[in-house]
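User: Please take a close look at one helix of this chain, from its end and its geometry to what surrounds it. A connected account would suit me better than a list.

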Amino acid sequence: MMGRGRTAPRAAAVLTRLAEGLALLGGVVVIAMSLFTAFGISWRAVIGRGIPGDFEIVEILSAWSVFLFFPYAQLVRQHVAVDFVTSRLPAVVSAPLGRVTDLLIALTAAFVGWRICIGMGDALDYGDTTMMLRLPMWLVYIPAIFGWFAMALVSLLQALSLLPEVEKP
């Protein structure tokens with residue numbers, strides 16, 4: 001039987017690895033998108049016409065990369081933040097305010113993740129596809145779901161002070 005004292009650090013370690021893994025996957029997606037874009041430009045220069053639907057693929061890969069980076073950005077606290085007021089506050093005030101902010105981020109991310117699940121269900125039900133390539137639109141939602149819910153979990157553990165502060169890269 002596992003003690004309660006060991007569960008939180010183990011969950012924090014797993015969540016940290018998940019956020020790092022999703023960010024690495026996001027990096028692979030950005031590299032793939034860059035290579036595909038370079039190939040498309042070269043193709044156009046050599047052949048004289050573009051790859052049909054290349055912009056749709058780049059759009060999808062862009063969305064995937066953004067969503068996959070969310071949990072790691074929260075983990076290392078490198079997302080957009082407005083701290084020009086809180087940076088001037090004493091630690092006794094700013095620390096609890098930071099935890100409240102983390103909780104609000106967790107709730108918001110969970111809400112958005114839930115709504116994206118509903119959107120994916122609608123895309124599946126209606127058979128939505130991209131205009132040129134007819135790719136199923138529900139594919140766009142999968143990384144978004146992982147990204148938003150992982151960000152919600154990271155934020156929640158930060159709000160509960162169960163996730164140690166991670167060094168910024």
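Analyst: G127 comes just after α3 and has a positive phi of about 65 degrees. The model is predicted, and that angle, like the other values here, is computed from it.

The helix that precedes G127 is α3, residues 91-126. For its 36 residues, a rise of 1.5 Å a residue gives an expected span of 52 Å, and the C-alpha atoms at its ends are 51 Å apart, so the two figures agree. The chain around α3 has four helices and zero strands, in the order α-α-α-α along the sequence.

The buried residues of α3 are D102, I105, A106, A109, G113, I116, G119, M120 and A123. An α-helix has 3.6 residues a turn, so residues three or four places apart point the same way. The cover over the buried residues of α3 includes two other helices, α2 (54-75) and α4 (138-159). For the chain as a whole, 30% of the 169 residues count as buried.

D102, in helix α3, is one of these buried residues. Its relative accessibility is 3%, which is why D102 counts as buried, the cut-off being under 20%. Leaving out residues up to four places away in sequence, D102 touches Q74, R77, S155, Q158 and A159. Of these contacts, Q74 lies within the residue range of α2, and S155, Q158 and A159 lie within that of α4.

Several buried residues of α3 also belong to the largest nonpolar core, which has 10 residues: F67, I105, A109, I116, M120, A144, I145, W148, M151 and A152. Both α3 and α4 supply at least two residues each to this core, and α4 gives the largest share, five residues. F67, another member of the core, is in contact with P143, A144, G147 and W148, not counting neighbours within four places in sequence. Another core lies apart from this one; it has seven residues, among them A19, L75, V154 and L163. In soluble globular proteins, nonpolar side chains tend to be buried together.

Not every nonpolar residue of α3 is covered, however. A nonpolar patch on the surface consists of L89, V92, V93, L97, V100, L103, L104, L107, L156, L160 and L162, with about 930 Å² of accessible area together. The largest contribution to this patch, seven residues, is from α3. L89, also in the patch, sits in the loop between α2 and α3. With a relative accessible area of 32%, L89 is classed as partly exposed, because that value falls between the 20% and 50% limits. Over the whole chain, about 10,800 Å² is exposed, and carbon and sulfur atoms supply 71% of that area.

A95 is also in helix α3 and is partly exposed, at 36% relative accessibility. From A95 to A159 the C-alpha distance is 10.0 Å, although 64 residues separate them in sequence. A159 is also one of the residues that D102 touches. Contacts across long stretches of sequence are a feature of the chain as a whole: among contacts between residues at least 6 apart in sequence, 77% join residues at least 24 apart.

Conventions: Residues numbered from 1 in each chain as written. Predicted model: local features only at pLDDT ≥ 70, side-chain atom pairs only at ≥ 80, totals over all residues. Heavy atoms only, no water. Expected span 1.5 Å × (residues − 1). Buried < 20%, exposed > 50% of the residue type's maximum accessible area, 1.4 Å probe, protein only. Contact = heavy atoms within 4.5 Å. Core = buried A, V, L, I, M, F, W, Y, C linked by side-chain atoms within 4.5 Å. Areas by Shrake-Rupley, 256 points an atom, 1.4 Å probe, with all protein chains shown as cover. Patch = residues over 30% accessible without salt bridge, like charges linked within 9 Å, V, L, I, M, F, W, Y side chains within 5 Å. Salt bridge = Lys/Arg side-chain N within 4 Å of Asp/Glu carboxyl O.
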